[in-house]
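Welcome, and thanks for taking a look. Please open the chain in your viewer and follow along with this short tour.

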Amino acid sequence: MQDIGNILDNRVLLVALVACVIAQLLKLIIEVIQNRKLSVQVLVTTGGMPSSHSALVTALATGVGQTVGWSSSEFAVATVFAIIVMYDAAGVRQAAGKQARILNQMIDELFNEHPEFNQDRLKELLGHTPFEVIAGSALGITISCLARYAY
């Protein structure tokens, strides 16, 4: 049970999680402003503005740099981890979303005359645009810098 208490004392982790939650809440606010409706589903779906994954990993890397040192191996690991996550969000998952959009269009065109073909649509919003990743990263770094006194 003491181990759980130690995890909750990890301020770098807590600040990173706060950055992720704030990014998710910003997605909800942006959704309300853009579509004039409250869609709580935005809180649990992938994609959208800003990238909460990017906010999480950049806040984590920044917090590690602030506490352990910018030249530490831990900061290097956290930074490489952040780069991989952000590359995946803007690259691989974005490409998969584009492919899903095209496949959905093909299914619509090929089978629009056959309503008995009831295939679930593929999820199209999987990744982020580069701007969404940059915005999430900036948010994560900012939150970690604002929380530097908590470390």
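## The helix α2

Helix α2 is 25 residues long, and from its first C-alpha to its last it reaches 36 Å, close to the 36 Å expected at 1.5 Å a residue. Keep in mind as you read that this is a predicted model.

Which residues of α2 are buried? They are V12, V15, A16, A19, A23, Q24, K27, L28 and E31. An α-helix has 3.6 residues a turn, so residues three or four places apart point the same way. The buried residues of α2 pack against two other helices, α3 (52–68) and α5.

## The chain as a whole

Stepping back, the chain holds five helices and zero strands. Read from the N terminus, its elements run α-α-α-α-α.

The chain has 151 residues, and 34% of them count as buried. Its accessible surface comes to about 9700 Å², with 66% of that belonging to carbon and sulfur atoms. If you take the contacts between residues at least 6 apart in sequence, 70% join residues at least 24 apart.

## V15 and helix α5

V15 is a good place to see one of these pairings in detail. This residue lies in helix α2, and V15 counts as buried because its relative accessible area is 11%, below the 20% cut-off. What does V15 touch, leaving aside its neighbours within four places in sequence? It is in contact with I143, S144, A147 and Y151. The C-alpha atoms of V15 and C145 are 9.9 Å from each other, although 130 residues separate the two along the chain.

On the other side of this pairing, helix α5 covers residues 130–146. Its 17 residues should span 24 Å at 1.5 Å a residue, and its end C-alpha atoms are indeed 24 Å apart, so the two values agree. The buried residues of α5 are E132, V133, A135, G136, S137, L139, G140, I143 and S144. I143 and S144, from that list, are also among the contacts of V15.

## E31 and the loop that follows

E31 also sits in helix α2, which covers residues 11–35. How far from E31 is the nearest side chain of opposite charge? That side chain belongs to K37 and is 5.5 Å away, and E31 is buried yet has no salt bridge. The distance is beyond the 4 Å cut-off for a salt bridge. Not counting residues up to four places away in sequence, E31 touches R36, K37, S39 and V42.

R36, one of those contacts, lies in the loop between α2 and α3. Its phi is positive, about 60°, although R36 is not a glycine. Is R36 buried or exposed? R36 counts as exposed because its relative accessibility is 71%, and the cut-off is 50%.

## A nonpolar patch on the surface

Finally, have a look at the surface. I4, I7, L8, L13, L14 and L17 form a nonpolar patch there, and together they have about 510 Å² of accessible area. Which helices supply at least two residues each to the nonpolar patch? They are α1 (2–8) and α2.

I7 makes a handy example from the patch. This residue lies in helix α1, and I7 is partly exposed, with a relative accessible area of 49%. V15 of α2, by contrast, is buried at 11%.

How values were computed. Residues numbered from 1 in each chain as written. Predicted model: local features only at pLDDT ≥ 70, side-chain atom pairs only at ≥ 80, totals over all residues. Heavy atoms only, no water. Helix = DSSP H or I, 4+ residues; strand = E, 2+ residues; numbered from the N terminus. Buried < 20%, exposed > 50% of the residue type's maximum accessible area, 1.4 Å probe, protein only. Lys, Arg positive; Asp, Glu negative; His and termini not counted. Contact = heavy atoms within 4.5 Å. Patch = residues over 30% accessible without salt bridge, like charges linked within 9 Å, V, L, I, M, F, W, Y side chains within 5 Å. Areas by Shrake-Rupley, 256 points an atom, 1.4 Å probe, with all protein chains shown as cover. Expected span 1.5 Å × (residues − 1).
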